[in-house]
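Got your viewer open? Let's walk through this one stop at a time, selecting as we go.

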Amino acid sequence: MRDTRIPNDWDRKGLPGWCYHSAELLELEKEEVFKTHWQIVCHVSDLPNSGDFQTLDMCGERAIVLRNAEGEVRAYHNTCRHRGSRLVAEDHGNCPSAMICPFHGWVYNLDGTLRGAAKPTSYPPMDKEEFALLALESEIWNGFIFVRFKKGPQPSVAELLGPFSEEAAYFRMEQQVPTDGIWNEETPVNWKSIRDIDNEGYHVAMAHPALQDLYGSTYEDEPYIDGISRSQGRYTPSQGRRWAVRNYKKFSKAQDFLPEDLDKTWIYYGIFPNAVIAITPETSLFYQEFPLGLNKSVIRSATYRYPNEDRQQKAARYLASRIDRETVVEDIQLTIWSNEAMASEFFQGFYLSDLEYGVRSHHDHLRAVMPIYNVEEAPKEDDVRALSAQLQSSEAS
Amino acid sequence: MTSEAEDFALQKTHLSCELGVSGSGARRYAAAMYFYVQGHITPEILEIYRRCCHDDVEDPIDLARFEGLPVDWLTR
């Protein structure tokens, strides 16, 4: 049972400002926060046929997930064993029977084994297993495909998200199908500034009039505990003052397979460090952010729907996407303001409300991975890596 | 699991797939690699298919003939 109570006396500070503007720390985050934690690539319905693939670029690494000839989903590094070129250059597509490196033309079977090197007479005999694509650890949870580049502190996805599994199963997300593909949107902020906004609902009444109109007074956050958080908003009984909300409330209808307490609710499962799976009665979606640079990130997202939706559900889904889109635009502005604050030498740091404990709990998870987040004064950039290693080592001993 | 005979037939289909179709050059080259490994085509013919990999309208058999390479097995 998750104890989601907020402590009576907690440290309301956020991470030190330097953590948002240190290039050395960002490099450590790529290694120890991103590559060692589960990342969502796509949904099984993005790969309906043998040879269908989806790629994910993240922190200098490249993944490909594909459905093989036996219908199984497999994940590999999207890296040719010859010169390391990306094997598949497109975001998604279909390789009918093999993957071909666009650089020199090495050919790989859909099970990742090497079919053959280009100009094979220029090589000694090559073992198809020895030169196979490097497999990536992967797992499917309620239809969502996760990969992990390196072993890390998290358990399996099933265990990690176990506390939500019973509730999530009601939604039958594994049966859903894509809507409009995977979106990528770049924003000029450090990735943590995106998560800092998304991890609290304190700003909803002020910044998100549509969400407030939809579920504002019922909204509640549970903090990150053991790597996962949960938020939910149940539709308020009012008709809705805004056009999209009013009509969404009118058209959104209960799915016959959902228990009553879930049929008028938007739920958000936060997955440390950088992802959310959100569920509405009409859709599920994931969104996640990856650093592209110190002050440049990409928000990657995709929405899935039920395959047999009727016109009313389709209309409700359209209206939900309008509400969501409006919210994203508002949030992006907030991330910019939050991020620039962290660069000001006069800003004294966060002083968080009880309604922002989710931010603190996310920061605490980061601190658990790398104690250097506890260092208040900015270390010299050249010292960050060594100091981080030293603090990790003293914490371990 | 497909049997070897089924796989052979499938790869034959890929090898002779229609010219001009998007991705068909790659499909033919991947199949050519299969038949090279099986010992049915020569390294020179495989190289013809590699040259045509990114050119969906180029006919590898025509190109092989142009280069003076035997195409008996390919046209059988």
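Start where the two chains meet: select the 15 residues of chain B and the 13 residues of chain A that make up the contact. Keep in mind that you are looking at a predicted model. On the side of chain B that touches chain A, the elements giving two or more residues are helix 2 and helix 3 (43-51) of chain B. Helix 2 of chain B gives the most, with nine residues. Now color that side of chain B by class, and you should find eleven nonpolar residues, one polar and three charged.

Next, stay in chain B and select helix 1 (residues 4-15) and helix 2 (residues 24-37). How far apart are their axes, and at what angle do the helices pack? The axes are 7 Å apart and the angle is about 140°. Angles over 145 degrees would count as roughly antiparallel, so helix 1 and helix 2 of chain B are oblique to each other. Their crossing is left-handed.

Zoom in on where these helices touch. From helix 1 of chain B, show Gln11(B), His14(B) and Leu15(B). Across from them, in helix 2 of chain B, pick out their partners, including Arg27(B), Ala31(B), Tyr34(B) and Phe35(B). By class, this helix contact has six nonpolar, two polar and two charged residues.

Last stop: jump to chain A and select strand 9 (residues 137-141) and strand 10 (residues 144-148). These strands run antiparallel and are joined by five bridges. Click Glu137(A), then look for its bridge partner in strand 10 of chain A, Arg148(A). The hairpin has two residues between the strands, and there Asn142(A) takes a positive phi near 50°.

Definitions and conventions. Residues numbered from 1 in each chain as written. Chains lettered and ligands numbered in written order. Predicted model: local features only at pLDDT ≥ 70, side-chain atom pairs only at ≥ 80, totals over all residues. Axes fitted to C-alpha atoms, helices over the stretch in contact; angles between N-to-C directions. Helix = DSSP H or I, 4+ residues; strand = E, 2+ residues; numbered from the N terminus. Parallel < 35°, antiparallel > 145°, perpendicular 65-115°, else oblique. Left-handed = near helix turned anticlockwise from the far one by under 90°. Contact = placed C-beta atoms within 7 Å. Nonpolar A, V, L, I, M, F, W, Y, C, P; charged D, E, K, R; others polar. Pairing = 2+ DSSP bridges.
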